[in-house]
Amino acid sequence: MPIISLKTLGWNSHFEKNLDKISKDHSAGRISEEHKNHYKILTEYGEVIGKISGKMYQQKQHPAVGDWVTLTIREEEKKATIHTILPRKTKISRKTAGKNVKEQVIAANVDTIFIVTSFDRDFNLRRIERYLTIVWVSGAKPVIILNKADEGTEISEKKKQIESITKDIPIHVTSALYNQGLDKIRNYLTVGKTIALPGSSRVGKSTPKNALAREKTKKNKPHRKNGKRKHTERETGREGKEGNPRG
């Protein structure tokens with residue numbers, strides 16, 4: 001009995017049509033984590049652990065995070081065999097080093113990519129240009145987030161510098177510390193859409209991500225009143241990896 005709607009994971013008519021063409025006997029699932037010998041896959045029946053089929057191994061076909069795949073599921077074991085990678089809508093990739101240069105897909109089927117940078121010393125126009133090139137090639141839509149507005153100086157000037165190298169790309173100034181600009185970011189977080197957040201480790205990706213994640217679902221938060229433990233419900237909104245896309 002299905003417990004998850006595939007649409008919430010990003011499933012749409014594009015993948016439905018390709019599944020019908022490839023196989024009507026297999027289920028569909030989305031890769032959420034990639035490990036050396038196995039994959040974590042989100043399916044209608046929850047999370048399962050999957051391995052690629054012998055045929056895929058021989059053909060050197062390896063799914064990436066975000067890929068939709070066809071699979072046979074062994075529900076009682078929570079395991080699966082992956083048979084095919086469904087055609088991708090978008091892909092973020094890079095070239096491998098060495099003599100035999102190959103394409104390595106880092107993430108697939110991402111709708112929007114938040115290019116996160118900050119107003120402090122990490123601000124680098126050339127780096128933003130490199131990220132924009134990667135996003136345009138991938139087929140996803142770029143959105144630039146200028147984070148740590150509370151720490152920055154010359155905010156309007158730096159925003160103008162970015163506008164000079166972009167083509168009508170949305171730019172949002174945020175400060176997760178003061179909840180500034182997060183309301184505009186929430187508009188991108190709709191059901192079935194996948195968002196990735198690349199960027200260096202110093203720009204503060206985790207701060208706005210965690211701020212949005214805290215609004216994703218209702219959670220029970222325990223606290224004490226008059227010496228007794230009590231639970232209150234807390235409203236939380238939506239969020240979507242660098243590497244681990246969220247639908």
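This passage describes a strand barrel and the surroundings of two residues, Ser23 and His35, in a predicted model. Residues are numbered from 1 along each chain as its sequence is written, local features need pLDDT of at least 70 and side-chain atom pairs pLDDT 80 or more, while totals for chains, interfaces and linings use all residues. Side-chain values use heavy atoms, with hydrogens and water left out.

Helices (H or I, at least four residues) and strands (E, at least two) are DSSP runs numbered from the N terminus. Five strands, where a pair requires at least two DSSP bridges, form a closed barrel in the order 1-2-3-5-4 with mixed pairing. From one strand to the next, the twist averages 50°, with axes fitted to C-alpha atoms (for helices over the stretch in contact) and angles from 0 to 180 degrees between N-to-C directions. Strands 1 and 2 run antiparallel and are joined by 4 bridges; Glu33 is bridged to Lys40 in strand 2.

His35 lies in the loop between strand 1 and strand 2 (39-43). Its relative accessible area is 33%, so His35 is partly exposed (buried is under 20%, exposed over 50%, partly exposed in between; 1.4 Å probe, protein chains only). The side chains of His35 and Glu33 make a polar contact of 3.0 Å, that is, a pair of N or O atoms within 3.5 Å; within protein, one must be able to donate a hydrogen and the other to accept it, and residues adjacent in sequence count only if both atoms are side-chain atoms.

Ser23 is located in the loop between helix 1 (13-22) and strand 1 (27-34). Ser23 counts as buried because its relative accessibility is 11%. Its side chain makes a polar contact of 3.3 Å with the side chain of His26, and a polar atom of the Ser23 side chain lies 3.2 Å from the backbone nitrogen of Asp25.
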